[in-house]
Amino acid sequence: MKNRMTRLPLLLLSATLALTAADPSVTFLRDVAPILNKTSCTSGPCHGAAKGKNGFKLSLRGYDPQFDYEALLYDLSGRRFNRAEPARSLMLAKPTQSVAHGGGLRFDKKSPYYTTIYNWIAQGVPYGDPAKDTVTALEVEPREVAMAAPGATAQVKVTARFADGQTRDVTREATIESNSPTVAKVDVASLVSGERVGEATLLVRYQGKYSTIPVQILNPKPGFAWKPLPQNNYIDQHIDAKLQKLKIQPSPATDDSTFLRRVTVDLTGQLPSPDDVRAFLADPAPSKVKRDRKIDKLVGSPAFVDHWTVKWSDLLQSTRKFLGEKGTYGFREWIRESLASNKPYDKMVRELLTSRGSTYDDPAGNYFRATRDPKPTMEKTTQVFLGVRMVCAQCHDHPFEKWTQNQYYQMSAFFSAVGLRPGYEVGEEILYDQRADYEMKHPKDSRVVAPEFLIASLTPTKIPAGPQRRDALAEWLVSKQNPFFAKAVANRLWSYFFGKGIIDPVDDIRASNPPVNPALLEALTKDLTDHNFDLQSLMRTIVKSRAYQASFVTNEWNALDADNFSHALPRRLNAEPLMDAVEAAAGARPNFPEVPEDTNASQVPDPHVGAEGFLDLFGRPTRESACECERRADFSLPQALNLINGKTISEAVADPKGRVAKNVLAGKTDSAMVDDLYLATLSRLPTKGEAETGTKYLSGGPRTLRAQDLLWALLNSKGFLYIY
Amino acid sequence: MRRVLLSLCGIIGPLAAAPSYYRDIQPILQKQCQGCHQPASKASDLDVTTFEAFEKGGKRGPAFLAGKPDESATIRYLTGAMKPRMPLAQPALAEADITLFRDWIAAGAKNDSPADATEPSAAVYLQPPVITALKFSPDGQTIAVSGNREILLHQADGSKLLHRLPGRAERILSVAFSADGKLLIAGGGTPAQFGEVQVWDVASAKLLRSARLTNDTVFGASLAPDSSKIAVGCADNTVHVFETATGKELYKIGNHENWVLATVFGVDSKRFVSASSDRAAKLIDASSGAFLENVNLLRGELNAIARHPKKDIVVLGGVERYPYIYLMDRPRNMKIADDTTLVRKLERQDGPINALDWSPDATRIAVASQSAVVNLYDPETGEKKASCTGHSAGIYSVAFSPDSTKLATGGFDGKVRIYNTKDCSLLHSFIPVPLSAGKP
């Protein structure tokens with residue numbers, strides 16, 4: 001302690017001498033705030049934490065410069081700076097470790113950051129003029145990086161453009177992150193290096209502005225020659241265009257029986273029956289013709305409606321935990337009816353958002369009963385229908401998007417008057433728009449926040465004064481001009497058929513999570529709006545593409561690709577289709593409690609039915625959130641054990657009225673039995689070798705038992721558990 | 001001692017080669033170690049910010065054994081012989097730096113820091129500093145104003161700088177005169193380094209006594225009406241009480257849960273109230289330090305407190321922006337959430353409340369906030385009587401003149417303003433410090 005006192009004046013002297021009168025003018029907005037971000041002062045583990053650090057709080061990643069300015073200068077009577085002797089300022093002593101600093105050394109006295117902050121204090125701590133000193137845009141160079149081979153490097157340059165038109169090289173101060181560092185990584189000097197063949201996106205951040213740089217690292221292997229494959233529709237054109245550029249040869253369409261299994265499960269959640277398979281294979285029409293015909297038949301079929309009712313019930317949180325039993329059945333019926341009649345998607349969403357009165361009379365109003373409060377309802381609405389996650393912005397501006405905390409409350413304000421009160425019947429609730437004291441308040445200063453659209457300029461929609469606001473939101477939301485609405489659902493539907501969105505996760509659309517094939521997503525979006533939000537039409541187009549029908553077998557050029565839809569990616573059957581497949585393959589009848597006889601897994605109303613059983617084990621969502629991530633498609637040890645000797649499998653296989661028993665009674669030959677079991681489980685005929693092994697096994701012991709064993713083995717095979 | 005040194009010379013050769021604690025070792029400790037090993041965090045109970053504390057060591061024993069580098073904890077941790085290797089989760093020190101430590105310990109681990117300079121160096125003013133404290137003398141002739149590393153005594157109208165009272169504390173956060181005007185006490189310190197209480201003889205402008213405490217500035221220093229005691233709030237959540245006559249610390253209390261930013265004594269000097277960022281204003285028995293009762297219901301974090309000139313009634317305020325007037329005494333049998341001792345809640349201010357004062361004639365309360373306005377209220381009715389404007393940013397200190405006709409204010413913009421309390425007309429305004437030549 002003693003030493004420091006005598007040493008400081010010397011330091012002060014040298015620092016003062018180093019500065020001349022010609023020092024450029026420094027403002028907080030333009031010069032100091034970026035230093036706080038770059039040196040991690042404003043980071044989450046440091047002073048950007050919700051409660052700050054050691055009595056000093058800054059806004060997270062500096063999203064609120066006004067707040068940070070006041071914290072630095074006004075807190076505790078100006079404790080952190082010394083205008084009389086800038087070098088004695090606490091805000092210089094701490095980061096240089098001249099006094100103990102829990103965050104350690106951030107920069108030393110020789111660094112340009114020290115000089116900038118010193119000058120700023122010496123110049124009287126000017127805040128700067130937001131109309132001049134705000135960053136309006138980031139310019140990155142290069143706009144995209146294409147490397148001929150791993151091991152190459154590229155230098156990124158970041159230029160900030162300010163509101164007054166000036167520009168500045170901020171490469172050093174900008175934060176650059178790779179979304180896939182195993183493909184491309186960035187070092188502190190903003191040098192990008194290609195690590196392996198593939199694609200990555202660099203996210204560049206500076207003072208609340210973002211930019212992205214796509215990086216492609218091509219396969220350096222010689223000898224690539226593009227072999228064009230037939231293109232079924234515009235989807236294949238867009239996919240091929242990108243694949244050709246990346247030197248990836250796509251896999252051709254798969255065989256008829258694999259196609260039939262894949263498309264039937266994806267569209268209806270059910271396996272094709274042995275008869276379906278035989279009939280399809282026997283159909284002499286050209287493959288493309290009969291495939292298209294099959295697709296047209298499946299889309300809109302009763303099983304299709306059941307299957308998609310499950311999906312939408314997940315997203316809209318239809319569960320008796322929130323809605324009660326009667327409410328759940330009512331909501332499910334409304335969803336089912338909407339899908340069965342192929343209600344245009346914009347109409348469906350508008351009905352959900354604008355429903356009023358008793359939820360027994362108008363079940364669409366159940367949409368509001370799971371989330372209940374304005375803020376969660378807004379979060380759900382934006383996440384499900386726009387694919388935008390607003391939740392971060394509740395407490396601070398979104399760190400990876402342009403959404404601000406203000407916008408979070410402006411959007412929530414559309415729902416702030418929505419109230420629910422008990423109705424006349426048990427479990428009935430009335431949805432109304434006159435909640436007392438309904439205005440949305442900003443948490444920082446309790447000021448009333450008026451509703452405003454996330455992107456106001458999209459539509460001329462007027463927001464009425466007073467509490468009846470959500471109709472205006474619905475109109476804005478479902479508008480064809482809204483770039484998120486159609487895109488989000490097109491991307492979401494795509495993901496159900498490919499196991500992955502063009503933007504993935506599908507409900508996290510943001511500038512820093514760009515689409516892997518923008519042209520493709522744009523075309524799908526346009527297709528959807530051109531067809532007035534006809535979801536069935538879009539589904540037909542998707543599954544008719546060669547890309548959807550591609551084989552999962554790879555070639556030397558596309559084996560490593562998992563992003564560009566160059567081949568099929570095997571997907572585990574989801575919980576409900578898997579359970580229905582087990583029952584159907586074994587010829588057993590589903591047996592759920594509390595529901596009508598023969599209700600199958602795709603028809604149960606909510607996760608209450610059959611809870612804790614097979615379905616939950618295989619990842620059925622609980623519908624407690626609207627996140628797509630609630631449904632799990634992983635494969636775990638308990639699942640494997642359940643398939644080996646769980647109740648569902650063993651009872652189905654040994655069902656006395658099941659497939660094996662019926663075949664034995666019908667006196668089927670060993671060969672016919674093997675064929676039937678293969679058709680029922682793998683939706684194809686056995687190969688010659690499989691047929692021989694199967695018949696040999698059946699003839700070697702008690703027939704019924706052995707046939708059950710064969711069925712059990714098939715149900716445990718990957719060929720059964722996966723769509724491929 | 002000499003014998004030891006001689007024998008050491010024999011072992012390690014010429015002393016001239018031994019590293020210096022002051023020149024070599026302390027800078028490394030400062031840069032690499034004291035982030036964690038400092039009084040505020042004291043990882044492993046070790047503090048390396050002073051030689052004495054470093055020598056004492058932490059919970060693994062002394063940091064070094066003079067003459068025995070390989071047995072010294074410092075070397076063993078720096079080399080990784082003891083885990084975890086220090087600095088924790090950082091690259092190891094350069095071999096040359098470890099050798100400095102090794103050689104310094106081998107040479108006897110001496111503290112060669114030069115003794116403290118006897119006189120504090122003169123304050124420098126490139127720009128006017130933020131004003132954090134001001135007070136009129138009891139005769140109304142003088143005004144004491146905080147400066148940079150000093151207190152300045154001005155004629156009450158700002159027409160003449162009478163005395164400069166230079167000290168070591170960089171910031172003076174509170175000043176108070178004794179009732180007879182002979183003593184001036186001040187509280188402050190240097191942020192993140194030390195807190196200091198100063199007792200000055202006004203007539204001679206000499207520092208009579210000073211006491212250092214904690215590792216950060218002290219806040220809200222107040223003098224008992226009988227001048228017997230000084231209470232100060234601290235950044236380590238404690239309140240320390242000193243005897244004015246001796247400068248001796250009588251006791252400290254630690255029942256706050258956050259920084260203590262303001263204190264005020266009762267009329268009879270037998271009790272005081274401490275107000276803290278933990279939202280509580282606590283009534284304390286001044287002779288024993290015993291906690292008596294919370295004065296207020298917990299609302300926002302508290303920054304400031306002032307007392308009625310003749311009664312045990314206080315006004316307090318802070319982040320919540322409302323000044324609350326409370327009876328100081330809160331009967332012990334009152335239930336939680338009973339707020340009957342609240343006399344009045346004044347108007348919400350435009351920013352967090354920084355400073356409060358109650359006029360000596362009891363007719364006005366001055367409320368200063370982060371907004372650039374000081375509002376004057378009638379405590380009897382809660383009515384706003386006047387608004388004093390003119391400052392360009394937040395105000396950190398307000399003080400009525402002894403005859404209650406004037407109000408002095410100072411804050412972020414570095415200017416003292418003196419207003420007529422009747423109508424807030426500006427009487428005087430001045431920069432209280434002599435600006436250095438060559439100001440940027």
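Helices here are DSSP runs of H or I with at least four residues, numbered from the N terminus. With that in hand, a good place to enter this predicted model is the end of one such helix: α6(A) is followed by A:Gly124, a residue with a positive phi, near 90°. The helix itself, α6 of chain A, covers residues 112–122, and its buried residues are A:Tyr113, A:Tyr114, A:Ile117, A:Tyr118, A:Trp120, A:Ile121 and A:Ala122. A general point about helices helps in reading such a list: an α-helix has 3.6 residues a turn, so residues three or four places apart point the same way.

Stepping back to the whole of chain A, the secondary structure amounts to 31 helices and 17 strands. The chain has 724 residues, of which 45% are buried. Its C-alpha atoms occupy a box of roughly 105 × 75 × 50 Å along the principal axes. Among the contacts in chain A with a separation of 6 or more, 62% join residues 24 or more positions apart. The domain assignment splits the chain into domain 1 (2–128), domain 2 (134–217), domain 3 (317–477) and domain 4, the last written as two segments, 575–618 and 635–723. Between the centres of domain 2 and domain 4 of chain A, taken over C-alpha atoms, the distance is 53 Å.

Loops of chain A also deserve a look. A:Leu60 sits in the loop between α2 (28–38) and α3 (65–73) of chain A. Is this leucine, A:Leu60, buried or exposed? With 20 other C-beta atoms within 10 Å, A:Leu60 is buried, since the cut-off for a buried residue is 20 or more. Following the chain for 20 residues leads from A:Leu60 to A:Arg80, and the C-alpha atoms of this pair are separated by 19 Å.

Chain B, for its part, has 5 helices and 27 strands. Of its 440 residues, 48% count as buried, and the C-alpha trace spans about 80 × 55 × 40 Å along the principal axes. Residues 24 or more positions apart provide 46% of the contacts in chain B that have a separation of 6 or more. Two domains are assigned to chain B, domain 1 (2–106) and domain 2 (134–430); their centres, taken over C-alpha atoms, are 44 Å apart.

A helix pair in chain B can be followed residue by residue. Helix α2(B), residues 21–33, packs with helix α5(B), residues 95–106, at an angle of about 125°, and the axes are 10 Å apart. The two helices, α2(B) and α5(B), are therefore oblique to each other, and their crossing is left-handed. From α2(B) come B:Tyr21, B:Asp24, B:Ile25 and B:Ile28, which meet B:Asp97, B:Leu100, B:Phe101 and B:Trp104 of α5(B). By class, the residues of this contact are 6 nonpolar and 2 charged, with no polar ones.

Finally, the two chains touch each other, in a contact that takes 33 residues from chain A and 39 residues from chain B. On the side of chain A that touches chain B, at least two residues each are supplied by α1 (2–18), α4 (75–78) and α5 (90–93) of chain A. The most comes from α1(A), with 5 residues. That side of chain A divides into 13 nonpolar, 14 polar and 6 charged residues.

Terms used
Residues numbered from 1 in each chain as written. Chains lettered and ligands numbered in written order. Predicted model: local features only at pLDDT ≥ 70, side-chain atom pairs only at ≥ 80, totals over all residues. Contact = placed C-beta atoms within 7 Å. Nonpolar A, V, L, I, M, F, W, Y, C, P; charged D, E, K, R; others polar. Axes fitted to C-alpha atoms, helices over the stretch in contact; angles between N-to-C directions. Parallel < 35°, antiparallel > 145°, perpendicular 65-115°, else oblique. Left-handed = near helix turned anticlockwise from the far one by under 90°. Domains from an automatic or database assignment. Buried ≥ 20, exposed ≤ 12 C-beta atoms within 10 Å, placed from the backbone.
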